[in-house]
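Me: I would like to learn how to read a structure like this one, feature by feature. Could you take me through it?

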Amino acid sequence: MPLSYCGGMNNFRGKRGKGNHHGKGRREPFGGGTADQLIEHLHKMDGSSYGAYKQLVGAWDYGDFVLHIERVQSDPYAPPSTVRAEIPAEVAGLPDFATASAHARLAAADYFHRDFSARIRPERDLRVAYTGQTVLNRGAVTVNEDGSIQMRFQVQFAARGRRILGHAMANLVDGPLPDSVLDTIDFASDEAVADEAALKKHVESVEDWFALQQVLKEKDLLAFIADDSILARASGVDEHPMENAVATKAPETLALQVELPHAGKVRGLALRPGVTLIVGGGYHGKSTLLDALMNGVYPHIPGDGRELVATTPLAVAVRAEDGRAVTGVDVSAFISNLPSGGDTSRFTSPDASGSTSQAAAIAEAVEAGSNCLLIDEDTSATNLMIRDLRMRQLVPDSGEPITPLVDRIRGLVRRGVSSIAVMGGSGDYLDRADTVICMDNYVITDVTEKAKKIVQDAPRQTAADLDFPEVAARKPLANPYEGDRGPKVRGNTSRISLDRQDIDITALEQVVEAGQADAIGWSLRKLQDEVFNGERTLKEAVDYLWEKEYSNGGLDALRPRSGFLAEPRTIDIIAAANRMRWLRLNEE
């Protein structure tokens with residue numbers, strides 16, 4: 001029999017135990033008790049002032065799970081109240097494969113999060129964190145090693161004006177709320193066979209992706225795209241796969257077969273360290289391929305089309321950002337001999353140009369430890385990317401303060417930093433490339449040998465192949481919060497608001513969910529308050545935060561009891577810190 005309510009107080013069907021929903025024992029005081037008592041309190045509160053809801057903070061035992069009311073909103077117009085449901089292992093009845101490993105538990109939590117979100121969608125008063133196409137560690141649902149489950153979500157406590165609608169709220173906590181929780185995790189009933197098969201598919205898909213990441217590490221690869229992957233998206237605002245899209249197939253010269261635990265032998269495109277160019281005509285899939293590689297730093301849900309696309313975790317997309325703030329960044333590899341005589345080894349600007357901002361983004365990525373830059377010519381500054389022979393003849397290098405990337409890209413490789421670049425109009429990069437891929441109507445072909453022959457048959461004078469110098473590491477100073485009402489953090493994939501100061505993260509294309517932006521914001525708050533000290537480098541500070549606090553306390557270490565955070569990459573926390581206009585550095 002599935003665990004559920006069938007409507008109305010005392011109509012709960014399922015396991016009955018000590019303190020369950022049907023308990024008729026001594027009434028507990030506000031702040032805890034049985035579910036019956038919670039419902040009774042709510043009925044009696046009907047018409048009371050909204051502040052009376054705060055008496056309900058505490059644990060309420062539904063028998064098959066415990067509902068913790070952790071925070072009650074201050075008024076009907078404030079952010080919704082936060083609650084937590086704790087479901088014991090014997091109630092959830094999870095199959096062993098869902099708890100067998102950390103990756104399995106991550107996948108199971110993601111599956112339950114999505115299922116719960118779908119179930120509460122008709123209920124406007126219940127809210128859970130948004131999920132995209134990626135599988136991330138989120139605070140909304142946690143699957144523990146023992147098979148118990150924790151679910152966090154928000155509840156809009158019902159009101160008319162500032163008066164409690166107690167009857168409406170009682171109906172919510174007696175029906176839709178417990179029904180949604182229990183139906184989501186019902187794996188103990190005979191009716192759960194189909195759900196178990198879907199869960200298993202979800203878990204196996206995620207485990208295969210992590211196994212593929214291990215293959216990248218063992219074989220020293222930058223990326224792998226399995227044959228039959230669907231890379232094209234439905235639209236620029238819809239991340240679902242495009243219908244009738246061309247599936248990928250690796251050219252034989254770049255193909256590799258790997259063995260995965262569930263998918264078995266998988267053939268696909270393997271990209272190796274060095275300089276890889278993606279070329280082809282307009283609208284033939286160049287940027288689509290690069291976007292798939294950007295997103296390949298995360299696993300994706302079954303049916304996304306990119307389940308077996310994996311990219312080295314430290315790959316960073318870099319682009320031009322007119323107007324971004326740059327603070328003390330060593331851009332001397334690209335910019336020197338400024339007419340003003342400014343020191344470009346510690347370059348600072350509140351309003352950087354396109355070329356300077358992209359130079360800073362590359363230097364920052366190297367400083368942060370990236371091993372692969374992802375570059376699209378369409379979003380790059382032309383004068384940072386290339387200076388052709390005619391322009392060099394017209395304006396000698398001695399009169400040009402910008403050294404273009406084409407002169408440094410091989411030097412980056414020698415420093416252990418590869419590049420994968422979409423290139424549609426600059427043939428000079430062919431001289432620097434190890435691999436050249438052509439996209440022709442979304443079909444991938446290897447044109448490396450053809451490119452080498454063109455270089456040989458039609459040589460062009462290019463500048464020297466320059467080394468990439470060491471990037472000076474910066475040491476941020478503390479900037480503790482000094483407000484009187486507590487720090488404020490709000491984030492989305494375009495902007496993070498931190499204590500009423502905004503950070504533009506539009507260019508951080510690998511921050512894919514608002515929950516990640518929120519987590520980055522709270523990380524920055526903690527870094528400024530507790531970790532930055534003028535002695536640790538920026539990378540050391542973020543690594544310290546992650547190793548000392550996040551690894552022990554998870555997302556709760558950043559923001560306790562929040563179900564709306566999602567795990568970001570540390571390299572993206574560093575990138576966001578670099579965009580703080582108020583970042584202060586130890587100048588010694």
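**Reading the model, step by step**

Reply: Happy to. Let's begin with a loop: D220 sits in the loop that joins α6 (193-219) to β12 (223-226). Please keep in mind that this is a predicted model.

Me: What is the phi of D220, and is D220 buried or exposed?

Reply: The general idea first: most residues other than glycine have a negative phi. In D220, phi is positive, near 55°, and the residue is not a glycine. As for its surroundings, a residue is called exposed when its relative accessible area is over 50%. D220 reaches 52%, so it counts as exposed.

Me: Where is Y283, and what is its phi?

Reply: Y283 lies in the loop between β17 (275-280) and α7 (286-295). Its phi is about 65°, again positive in a residue that is not a glycine. Y283 has a relative accessibility of 84%, so it too is classed as exposed.

Me: How should I read a loop residue such as R387: is it buried or exposed?

Reply: The label depends on accessible area, with buried meaning under 20%. R387 is in the loop between α9 (382-385) and α10 (389-394). Its relative accessibility is 6%, so R387 is buried. You can also look across the sequence: R387 and L405 are 18 residues apart along the chain, and their C-alpha atoms are separated by 9.3 Å.

Me: And what about E243: where is it, and is it buried or exposed?

Reply: E243 belongs to the loop between β14 (238-241) and β15 (255-260). With 70% relative accessibility, E243 counts as exposed. From its C-alpha to that of I230 is 9.3 Å, for a sequence distance of 13 residues.

Me: Let's move to a strand. Where does S419 lie, and which residues is it in contact with?

Reply: S419 is part of strand β23 (residues 418-422). Its relative accessible area is 0%, so S419 is buried. To read its contacts, set aside the neighbours within four places in sequence; S419 then touches G274, V275, T276, L373, I375 and I409.

Me: Now the whole chain. How many helices and strands are there, and why is the chain called as compact as a globular protein of its length?

Reply: The chain has 15 helices and 28 strands. Its radius of gyration is 27 Å, close to the 25 Å that the globule rule gives for 588 residues, so the chain is as compact as a globular protein of that length. Along the principal axes, its C-alpha atoms fill a box of roughly 90 × 55 × 35 Å.

Me: What do burial, contacts and surface add for the chain?

Reply: Of the 588 residues, 55% count as buried. Among contacts with a separation of 6 or more, 70% are between residues 24 or more positions apart. The chain exposes about 25400 Å², with carbon and sulfur atoms supplying 48% of that area. For charge, there are 66 positive and 84 negative side chains, and the centres of the two sets are 4 Å apart.

Me: Which domains does UniProt list?

Reply: Here we turn to the record. An unreviewed UniProt entry lists "domain: ATPase of the ABC class N-terminal" at residues 36-178. That span is 31% helix and 23% strand, and its end C-alpha atoms are 12 Å apart. The unreviewed entry also places "domain: MRB1590-like C-terminal" at residues 493-585. Residues 493-585 are 46% helix and 9% strand, with 26 Å between the end C-alpha atoms.

Definitions and conventions. Residues numbered from 1 in each chain as written. Predicted model: local features only at pLDDT ≥ 70, side-chain atom pairs only at ≥ 80, totals over all residues. Heavy atoms only, no water. Helix = DSSP H or I, 4+ residues; strand = E, 2+ residues; numbered from the N terminus. Rg over C-alpha atoms; globule rule 2.2 N^0.38 Å. Buried < 20%, exposed > 50% of the residue type's maximum accessible area, 1.4 Å probe, protein only. Contact = heavy atoms within 4.5 Å. Areas by Shrake-Rupley, 256 points an atom, 1.4 Å probe, with all protein chains shown as cover. Lys, Arg positive; Asp, Glu negative; His and termini not counted. Charge placed at Lys NZ, Arg CZ, Asp CG, Glu CD. UniProt positions renumbered as here; feature names shortened; annotations may be inferred.
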